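Got the viewer open? Let's take a short walk through this one, selecting a few side chains as we go.

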Amino acid sequence: MSSKISLNDRHTDATQKLILGTAIELLETAGVTNLTVRAVAKRARMSERTIFRYFPSRDEFLDAVAADAVSRMHTPAPPASIKELLNYPEPLYRAFEANASLVIAGLHTEIFQRVRVEAARERWDAVSALINKRAGKRSKKERKIASTNINYYLSASTWHYYRSNFELSLDDTIACAKSAIGVIVADISG
């Protein structure tokens, strides 16, 4: 069995990357309202039919765009310990900052829910597991509230709110999130 990739497979991969790259570019520069198959086709200089060959429905297209957006954000792996959790805002917020236009574009769009689920679910589960392990004697409700509050501080929405509404520097934004998470962890560990 040959491990060589056929010319057709390379063409297929390149076309799919072109479609998704063009969609991400449109999302960052023009917002989701302009993220249509027609607009992507026009900008990528291909037919709409070609796009529908790769993504048969709008939902499949948006799911693929969301997955590509998440991979381009380069967010860190979920924290594996309480120590990592307490320091997690720094690498996470730095990843948001490095990809600010993409993160912001995804915050207030129909892509947001798809990106949020794709990017955050693993992180949410990891935080819940850490809190459950750390505070197993606390009630289920208390652990859920603590995990939810921590996940709030580990969200792109919170990062953006600190940066835009309070006009904090990135370092101050990270310090705020670390402080809040530290208080929550100390309280639930109590």
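Is Glu97 buried, partly exposed or exposed? Glu97 counts as partly exposed, because its relative accessibility is 26%. Keep in mind that you're looking at a predicted model.

With Glu97 still selected, add Arg163: their side chains meet in a salt bridge, 2.6 Å from N to O. This pair links distant parts of the chain, with Glu97 in helix α6 and Arg163 in helix α10, 66 residues apart. Arg163 is partly exposed as well, since its relative accessibility is 26%.

Stay on helix α10, which covers residues 156-164, and pick Thr158. Here the relative accessibility is 3%, so Thr158 counts as buried; the cut-off for that is under 20%. Show its surroundings and you'll find contacts with Tyr93, Tyr152 and Tyr153, leaving aside residues up to four places away in sequence.

Next, select Asp171 and Arg94. Their side chains form a salt bridge at 2.9 Å, N to O. Asp171 sits in helix α11 (residues 170-189) and Arg94 in helix α6 (residues 89-98), so the pair ties together parts that are 77 residues apart in sequence. Arg94 is partly exposed, with a relative accessible area of 36%.

Last stop: Arg38 and Glu48. Their closest N and O atoms are 3.1 Å apart, in another salt bridge. Arg38 belongs to helix α2 (residues 37-44) and Glu48 to helix α3 (residues 48-54), 10 residues apart. Arg38 counts as exposed because its relative accessibility is 59%, while Glu48, at 30%, is partly exposed.

Want to keep hunting? The salt-bridge count for the model comes to 10.

Terms used. Residues are numbered from 1 along each chain as its sequence is written. This is a predicted model: local features need pLDDT of at least 70, side-chain atom pairs count only at pLDDT 80 or more; totals for chains, interfaces and linings use all residues. Side-chain values use heavy atoms; hydrogens and water are left out. Helices (H or I, at least four residues) and strands (E, at least two) are DSSP runs, numbered from the N terminus. Buried means under 20% relative accessible area, exposed over 50%, partly exposed in between (1.4 Å probe, protein chains only). Contact means heavy atoms within 4.5 Å. A salt bridge is a side-chain nitrogen of Lys or Arg within 4 Å of a carboxyl oxygen of Asp or Glu.
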